[in-house]
Each structure stands twice: as C-alpha cells, then as structure tokens.
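Work through the exercises below with the sequence and the model side by side. Each task is followed by a solution in steps.

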Amino acid sequence: MITVLEPSAHCVYQRDCEGGADIPFAVRISSEFGGTIEARLLAENGGAIGRAIVNREGTLSTGIREETLVTARLERVSAGTREGTWIAGGFERVPTGSYRMELFVRDGEVERESLCVEAVHVGDLWVLAGQSNMEGCGKLVGVEQPEDGICCYYMGDRWGIAEEPLHWFNESLDPVHWRVPEEELGTAVVCERRNRSIGAGLGLAFAKEVRRHEGVPVGLIVCAYGGSSMADWGPVRMDESGSTLYGALLRRVRKLGGRVKGCLWYQGEAEANERDAPLYAERLRTWVASLREDLRDSALPFVYAQLSTVHFMDANSSWWNAVQEEQRLAEEALAPAAMVPTVDATLSDIIHVGTESMKEIGRRMAWQALRIAYGRQAYETGPRPGVMRWNEERTLLRLEIEGAHGKLRDSDRVYGFSVEADDVSVPVKAAVSQDGRSIELRFEEPVSAVGRLRHGAGFNPTVNVADSKGIPLPVFGPLEI
C-alpha cells in the first residue's frame with residue numbers, strides 16, 4: 001500500500017551553519033488508498049520531534065502533539081496514476097543528530113500498514129576524491145571496523161553503513177567508473193563481491209576520528225578513481241556527468257543537496273613525470289577553485305595528502321619530489337586547506353599505502369579537518385620547515401620547526417636530510433635540538449657557497465623527524481641555504 005522513496009536508511013543530510021537540516025520524506029501510495037499517512041520523526045532516545053498526518057488529497061496536519069519541535073511541510077501530491085499517488089514533504093530545521101522515521105497507514109482508526117526507516121542522520125558530508133590511494137588499496141585484513149553514525153554514499157547511489165572497501169566501481173551509475181564493458185558489469189559485480197581482498201582506505205578512520213571529537217554523524221561520498229590524473233579530473237566537461245570524474249562527483253553531491261562540509265584529496269602519483277609535474281600546482285589550484293565555485297562555497301575546506309614513498313627502481317625521482325614540493329607549497333594558495341604528510345607510510349605493494357598506514361593517514365586528515373573546518377585550536381598543521389640560521393663559522397645550520405604538536409620526538413640519530421653546494425653533496429649530521437623545537441645540521445667543513453637543503457629526497461627515503469602526535473616532517477626542498 002505504501003512505498004518509501006525517501007529517506008533511505010543510513011543517509012546523512014548536511015547540516016547548515018546553525019546545525020540543522022531539512023529531512024524530506026517521499027512516499028508512493030497505492031491507487032486504492034483512501035486513508036491517512038502519519039509520519040513521525042523520532043530521536044535516538046525515542047522521543048518524537050516531528051509528526052505529520054497527510055491524507056490522499058494532500059492536506060497536511062502538524063504540531064499534533066506537544067513534543068513536536070520541528071515543523072513538517074508538504075511539497076506536492078501527484079495526480080493518481082496506475083502506479084499510485086506520490087506524496088512528498090519533510091521536516092524542517094531538524095537539529096544535528098540521529099533519528100528514525102516511522103510511517104503509519106491508517107484507514108479511519110484501523111492501522112493498515114507501518115514502516116520504519118532506521119538511522120536517518122543530520123551531520124556532515126565529506127567528499128573523497130583523487131586516485132588509487134584515496135580509493136584504498138590496502139589489504140582487507142585488520143581494517144577499521146564499522147560504526148553507527150559513520151555512513152557511506154556508495155557508487156551505486158545508495159546509502160549504507162561505511163564498511164571497507166568503500167569504492168565499488170562497477171556498481172557505479174556513472175560509466176566513467178566502470179572497469180569492464182557494460183555488458184560484463186553483472187558478472188564483474190558478482191565476482192568482485194565474492195573475491196575481493198584489497199581495498200582498505202583512509203575514509204573510515206577519518207570519519208570515526210571526526211565523530212569522536214565533534215559528536216556528529218559523518219557521511220562519506222566516495223568519488224576516487226585509481227590512476228587518474230589532473231587532466232582526468234578537469235572540470236572542462238563537467239556537464240557530461242556520467243562520462244567524466246568531475247561531472248560524476250558534482251552529480252552525486254547535487255543529488256544529496258549540493259552542500260558538503262569539505263573535500264579529502266589524495267592524488268599526484270600520475271603527475272610525477274617530466275610532462276605533468278611542472279603543471280601540477282596550477283592544475284590543482286584550478287581544480288579546487290572550480291569545486292568551490294560549483295558547490296557555491298568559496299571557503300570549502302580542502303584536506304589533501306602529500307605523496308608517500310614508492311618502490312620504483314632505476315628511475316628518476318626528481319619529478320616525484322617536485323610534485324611533493326608543490327604540494328607542500330600549495331597550502332597557503334589553497335586556503336582554507338591542509339596538507340597531510342605521508343612519507344613515513346608503509347606500502348602494501350610498490351606504490352599503494354598499506355592498511356595500518358591508511359588508518360593513520362585518515363586520522364591525520366581528521367585532525368586537519370578539525371583545525372580548518374571545525375575550528376579546533378588544539379590542532380596544529382604538524383611539523384613544517386621554518387626559519388634557518390647559520391652560526392658565524394657556517395658549520396652549524398639551525399632549522400626552526402613550525403606547527404609541531406609539542407616537541408619533536410627525540411632520536412639518537414636523525415635521518416632524511418641532504419645538502420648540496422656547487423652541485424656536490426656535502427656531508428652533514430642532523431640532530432633534534434635540546435629544546436625539541438628545531439633541527440641542528442652540523443658540517444665537517446664550513447659551507448662557504450650557497451647550498452640547497454632537502455628532506456626526504458628520493459623515492460623511498462629514511463626519515464624519522466616527527467612531533468608528539470607522530471606527524472612527520474614533510475618532504476621538502478630544495479631550499480636555498
């Protein structure tokens with residue numbers, strides 16, 4: 001007699017700046033129905049915060065009980081058809097939290113049918129975009145466990161509790177995500193669901209950390225695609241929603257109301273080459289500006305990862321390091337934005353971050369989101385290179401570290417720093433200063449010429465400078481000294 005079209009279980013509606021959102025309801029009733037529909041919105045503790053009764057003609061009654069705190073609205077009632085009548089309405093200004101919606105079909109005083117939509121949330125939506133390390137390629141062993149209030153808008157345009165893996169490309173409604181021809185999708189979906197063993201990512205750990213601090217439901221809108229370049233993400237053909245990555249992202253966000261709390265981004269591996277690395281910074285700035293413009297949020301928080309290590313052999317690492325440096329420098333240009341270092345991650349294969357490190361990166365992204373999107377002043381950027389000062393003999397260079405949480409972790413020996421002068425490598429020993437606020441670089445001979453300092457150079461450097469929360473000093477350089 002009644003079919004619920006909206007809301008769906010485990011959906012998340014983006015709250016506004018005042019902490020509320022509208023929760024719509026849409027139902028289809030059979031053509032022979034002649035009674036009333038009662039819709040109730042109940043909080044987690046069972047208390048009703050909204051109640052509405054709608055008859056077949058669309059007359060809406062609300063505020064029937066004293067506990068009604070939100071207002072119901074009626075948007076439309078369609079003309080009766082063979083399939084039935086559509087009724088759409090909703091509850092306005094619902095506070096942040098988790099709810100369930102109950103619907104009762106009555107014919108006079110007789111209850112004919114009842115339905116319940118569990119776990120309807122008002123909270124924050126975050127977009128997950130980029131390439132394979134945002135998609136998640138960790139082994140599905142020891143993964144982050146699901147949690148109530150942490151939800152995912154999967155690629156089939158369906159809501160569910162967030163559970164690894166989050167990305168299921170062949171189930172997408174957008175052909176740009178399909179990994180096989182259309183005629184093979186059915187078989188591919190069945191096989192993947194049965195056999196998949198790779199796919200752990202950072203999104204679930206991110207969402208759980210945000211929820212732990214903010215106490216709000218979190219919905220993840222998954223949009224990443226392995227191997228994608230900045231050109232693949234270009235907004236030029238954004239109206240071709242099904243055939244471009246950017247268009248698919250916008251389609252899905254707009255379907256959910258067009259507003260999100262922020263965007264997580266992990267991409268750049270595809271740009272680490274002679275052709276694309278010099279263009280990376282400008283392409284990234286253009287992409288972020290387009291996203292903010294198209295989502296009508298000029299201050300949309302943007303949290304992104306710096307490239308991690310990679311196990312390439314006999315290759316030129318300069319372009320890899322060049323992209324890492326552009327990512328380090330982009331924070332100010334992209335503000336409000338935050339870069340998350342990943343140079344200390346362990347890999348599950350030659351290029352993809354492993355499961356445990358994925359969880360750690362997700363938490364680091366959450367800390368930065370808490371700082372730039374939620375205004376949590378307890379969180380810093382994490383270690384960043386600051387002012388450099390020589391002693392008079394130019395045998396000791398002191399590198400101040402900014403943005404660290406507390407002091408730098410002490411170590412018997414500090415790794416990862418290299419210096420060149422006149423294109424020749426200069427021997428250097430590094431140590432954490434006694435006050436834990438800087439790095440001291442000592443040279444065997446005075447460095448008379450202008451030199452260049454790097455940290456984390458190469459594909460797979462050994463680094464161990466980190467702050468009290470374990471956030472590493474990012475890859476940087478060359479910096480002139």
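**Exercise 1. A strand and its partners**

Task: Find which residue of β22 stands opposite alanine 421, and describe the pairing of β21 on both sides.

Solution. The model is a predicted one.

Step 1. Alanine 421 faces valine 424 in β22.

Step 2. The strands β21 (residues 417-421) and β22 (residues 424-426) run antiparallel and are joined by 3 bridges.

Step 3. Together β21 and β22 make a hairpin, with 2 residues between them. Aspartate 422, in the turn, has a positive phi of about 55 degrees.

Step 4. β21 is also joined to strand β25 (residues 451-455), by 5 bridges and again in antiparallel fashion. In this pairing leucine 453 of β25 stands opposite valine 419.

Step 5. Now look at the side chains of β21. In a regular strand, side chains alternate between the two faces of the sheet. In β21, Phe417, Val419 and Ala421 point to one face and are buried, while Ser418 and Glu420 point to the other face and are not buried.

**Exercise 2. A covered strand**

Task: State how many residues of strand β15 (residues 218-222) are buried, and identify the strands that pair with β15.

Solution.

Step 1. Of the 5 residues in β15, 5 are buried, and the strand is mostly covered.

Step 2. Val218, Leu220 and Val222 point one way, Gly219 and Ile221 the other, and all are buried.

Step 3. β10 runs parallel to β15 and is joined to it by 5 bridges. Valine 127 has isoleucine 221 of β15 as its bridge partner.

Step 4. Strand β12 (residues 150-154) also runs parallel to β15, with 4 bridges between the two. Here cysteine 151 is partnered with glycine 219 of β15.

**Exercise 3. The nonpolar cores**

Task: Determine which residues touch the most other members of the largest nonpolar core, and which strand gives the largest share of this core.

Solution.

Step 1. The largest nonpolar core has 107 residues, and those touching the most other members are Phe206, Leu249, Trp265, Trp287, Phe302 and Met365.

Step 2. Strand β10 (residues 110-130) supplies the largest share of this core, with 8 residues.

Step 3. Take leucine 249 as a case. Apart from neighbours within four places in sequence, leucine 249 is in contact with Val127, Ala129, Cys223, Trp233, Trp287 and Leu291.

Step 4. There is also a second, separate core of 23 residues, and among its members are Ala404, Phe417, Val419 and Val426.

Step 5. In soluble globular proteins, nonpolar side chains tend to be buried together.

**Exercise 4. Cysteines without bonds**

Task: Count the disulfides and explain the result for cysteine 11 and cysteine 263.

Solution.

Step 1. The structure holds 0 disulfides.

Step 2. A disulfide needs two cysteine sulfur atoms within 2.5 Å.

Step 3. The closest cysteine sulfur to that of cysteine 11 belongs to cysteine 151 and is 7.9 Å away, so it is too far for a bond. Cysteine 11 is buried, at 2% relative accessible area.

Step 4. For cysteine 263 the closest cysteine sulfur is in cysteine 223, at 8.2 Å, which is also too far for a bond. Cysteine 263 is buried too, at 1% relative accessible area.

**Exercise 5. A bent helix**

Task: Check the span of helix α6 (residues 318-334) against its number of residues, and find where α6 bends.

Solution.

Step 1. α6 has 17 residues, and at 1.5 Å a residue it should span 24 Å. The expected span is 1.5 Å times one less than the number of residues.

Step 2. The end C-alpha atoms of α6 are 24 Å apart, which agrees.

Step 3. At arginine 328, α6 bends by about 30 degrees.

Step 4. Arginine 328 is one of the buried residues of α6, which also include Trp320, Val323 and Leu334. The elements that the buried residues of α6 pack against include α5 (280-294), α7 (355-372) and β26 (476-480).

**Exercise 6. A loop residue**

Task: Is methionine 313 buried or exposed, and where does it lie?

Solution.

Step 1. Methionine 313 is in the loop between β17 and α6.

Step 2. The cut-off for exposed is over 50% relative accessible area. Methionine 313 has 69% relative accessibility, so it counts as exposed.

Step 3. Methionine 313 and isoleucine 350 are separated by 37 residues in sequence and by 9.9 Å in space, C-alpha to C-alpha.

Key. Residues are numbered from 1 along each chain as its sequence is written. This is a predicted model: local features need pLDDT of at least 70, side-chain atom pairs count only at pLDDT 80 or more; totals for chains, interfaces and linings use all residues. Side-chain values use heavy atoms; hydrogens and water are left out. A nonpolar core is a set of buried Ala, Val, Leu, Ile, Met, Phe, Trp, Tyr and Cys residues joined through side-chain atoms within 4.5 Å. Buried means under 20% relative accessible area, exposed over 50%, partly exposed in between (1.4 Å probe, protein chains only). Contact means heavy atoms within 4.5 Å. The bend at a residue is the angle between axes fitted to the seven residues ending there and the seven starting there. Two strands pair if DSSP finds at least two bridges between them.
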